Amino acid sequence: MGAAEYPGLDAWRDLPLKQQPDWRNHPDFASATAELSANPPLVFAGEVDKLKRRLAQVAKGEAFLLQGGDCAETFADVTADKISAKVKTLLQMAVVLTYGASLPVVKMGRMAGQYAKPRSSDMETRGDVTLPSFRGEIVNGFEFTPEVRIPDPKRMVQAYHKSAATLNLIRAFTEGGFADLRAVQQWNKGFMENPAHARYEQIAGEIDRAVRFMSACGVEFESLKRTEFYAAHEALLLDYERALTRIDSRTGKPYVTSGHFVWIGERTRDLDGAHVDYLSRVRNPLGVKLGPSTTPSTALELIDKLDPHREPGRLTFIVRMGTANVREKLPPLVEAVRDSGAKVVWVTDPMHGNTITAKNGYKTRRFDDVMDEVRGFFEVHQAAGTYPGGVHVEMTGDDVAECLGGSDVIDESAFDAHYASLVDPRLNHKQSLELAFLVAEELTRVT
């Protein structure tokens with residue numbers, strides 16, 4: 001049975017569907033979705049199942065989830081240098097966490113599919129001109145012209161090929177020696193010095209000495225030569241996700257093959273909506289973003305809808321409360337889920353609830369707010385006796401200036417020359433490392 005015949009996979013088409021471009025009457029829509037449906041999967045069901053087992057370990061408090069990457073990937077950034085910088089930064093963060101907390105780290109990039117973005121308005125007005133809002137390069141372009149802003153379904157095919165190229169390079173890096181833990185000091189080369197880098201060099205030196213000692217004792221290091229690295233994105237465009245759904249030949253079950261892990265956003269998690277219905281029917285591990293308006297009853301209903309059989313590793317709640325809300329709004333959710341007996345993975349997204357507009361008009365975040373929300377997340381779980389299972393950040397491996405603060409202080413004056421994001425501000429490489437050290441310190445208190 002193919003995905004086209006699998007029962008229930010198209011029930012979402014009759015349900016309320018939010019945050020979608022108006023492109024179904026476009027002359028290229030049918031051919032684009034047909035091409036996607038015929039293309040090979042980007043990821044495989046066996047990989048997805050392995051990730052679910054890893055996330056089950058996280059749910060039990062035996063591992064930690066690190067999710068990081070761009071707010072919205074761009075086609076132009078699908079280059080070896082850009083991808084390797086992001087992977088290298090995530091590997092460094094994972095080393096800090098693993099070494100500091102003595103825990104396995106599940107490494108997951110917001111990569112190879114994070115091309116779509118929800119928007120607060122369908123249209124954008126500048127002066128006397130009103131055009132469709134920019135929804136990510138899988139839908140339309142950033143330039144404010146009618147030709148570029150009209151949603152184009154052919155961009156879904158382009159996003160597929162860019163994702164395939166990204167995954168191909170990630171697999172080469174993580175399986176071909178780039179991620180060898182014996183090269184841990186090399187990952188710091190090419191990055192400018194700052195306090196976080198100095199701390200990383202110290203850890204790298206300690207790991208290097210330990211590895212050389214074990215090598216002298218005759219220990220084999222096959223497991224250090226490569227690492228598992230998973231791809232994740234928000235499953236926002238259901239036309240894209242449906243076209244890339246395949247039936248697993250082993251189990252006869254449907255899998256979204258656009259990424260290993262997909263999540264439902266804060267704007268599309270309606271219990272009676274199309275996104276929750278569709279993703280409830282596929283076998284991937286799923287995430288749901290929960291903001292400060294989420295009620296305990298909504299959280300429990302989402303579990304019933306998305307994880308009715310209470311499978312370990314199936315469901316991750318990614319909480320984005322904002323530093324002003326996390327200590328007040330998160331405890332009722334954590335306690336309700338705890339008391340229900342459900343074993344979800346709890347992850348903090350300390351980015352999205354802390355967005356502000358700088359005086360010079362740039363969208364930004366204060367690094368201190370990001371750090372404080374992480375601390376609040378850990379405090380809430382410690383009080384509830386539950387496990388803080390992961391962190392989800394928008395970050396880059398580049399030396400951009402988009403978030404204010406950090407030990408190498410970034411202020412608004414740096415934005416004009418070094419602000420590169422098309423949508424949301426990201427932590428740069430140094431800020432990402434600083435965050436990893438904070439998380440490692442917090443983890444040592446709960447492990």
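**Figure 1. Cys71 and its contacts in a predicted model.** Leaving aside neighbours within four places in sequence, Cys71 is in contact (heavy atoms within 4.5 Å) with Arg110, Gln114, Lys117, Glu394, Ser421, Val423, Asp424 and Arg426. Cys71 lies in the loop between β1 (64-69) and α3 (80-101). Helices (H or I, at least four residues) and strands (E, at least two) are DSSP runs, numbered from the N terminus. Is Cys71 buried or exposed? Cys71 is buried, with a relative accessible area of 2%. Buried means under 20% relative accessible area, exposed over 50%, and partly exposed in between (1.4 Å probe, protein chains only). This is a predicted model, in which local features need pLDDT of at least 70 and side-chain atom pairs count only at pLDDT 80 or more, while totals for chains, interfaces and linings use all residues. Residues are numbered from 1 along each chain as its sequence is written, and side-chain values use heavy atoms, with hydrogens and water left out.

**Figure 2. Four residues that UniProt lists as a "binding site".** The unreviewed entry names Cys71, His352, Glu394 and Asp424. They are spread over 354 residues of sequence, yet they cluster in space, with a largest C-alpha distance of 9.9 Å. UniProt positions are given in the numbering used here, feature names are shortened, and annotations may be inferred rather than shown by experiment. His352 sits in the loop between β11 (345-348) and β12 (355-357). Its relative accessibility is 16%, so His352 counts as buried. Beyond four places in sequence, His352 touches Arg110, Lys117, Lys289, Arg320, Arg365, Glu394 and Asp424.

**Figure 3. A second UniProt "binding site", with Arg110 and Arg320.** The unreviewed entry places this feature at Arg110, Glu266, Arg267, Lys289 and Arg320. Where is Arg110? Arg110 belongs to strand β2 (residues 105-110). With a relative accessible area of 2%, Arg110 is buried. Arg320 is in the loop between β10 (315-319) and α10 (326-340). Not counting residues up to four places away in sequence, Arg320 touches Glu266, Lys289, Leu290, Gly291, Pro292, Asp349, His352 and Glu373.

**Figure 4. The salt bridge between Lys117 and Glu394.** Their side chains meet at 3.8 Å, N to O. A salt bridge is a side-chain nitrogen of Lys or Arg within 4 Å of a carboxyl oxygen of Asp or Glu. This pair links distant parts of the chain, 277 residues apart. Lys117 is in the loop between β2 and β3 (123-126), and Glu394 is in strand β14 (residues 390-394). Lys117 counts as buried, at 6% relative accessibility. Glu394 is buried too, with a relative accessible area of 0%.

**Figure 5. Lys363, Asp424 and a shared network.** The side chains of Lys363 and Asp424 form a salt bridge at 3.0 Å, N to O. Here 61 residues separate the partners: Lys363 is in strand β13 (residues 363-365), Asp424 in the loop between α12 (415-418) and α13 (429-444). Lys363 is partly exposed at 31% relative accessibility, whereas Asp424 is buried at 8%. Which residues do salt bridges with shared partners join into one network? They are Arg110, Lys117, Lys363, Arg365, Glu394 and Asp424.

**Figure 6. The segment before α1, with Asp10 and Ala11.** Asp10 and Arg242 meet through their side chains in a salt bridge (3.0 Å, N to O). The two are 232 residues apart, with Arg242 in helix α7 (residues 238-243) and Asp10 in the segment before α1. Arg242 is buried at 9% relative accessible area. Asp10 is partly exposed at 29%. Ala11 is in the segment before α1 (29-38) as well. Ala11 has a relative accessible area of 28% and is partly exposed. Setting aside neighbours within four places in sequence, Ala11 is in contact with Asp277 and Arg281. From C-alpha to C-alpha, Ala11 and Arg281 are 9.9 Å apart in space, but 270 residues apart in sequence.

**Figure 7. Phe213 and its surroundings in helix α6.** Phe213 is in helix α6 (residues 195-216). Its relative accessibility of 57% makes Phe213 exposed.
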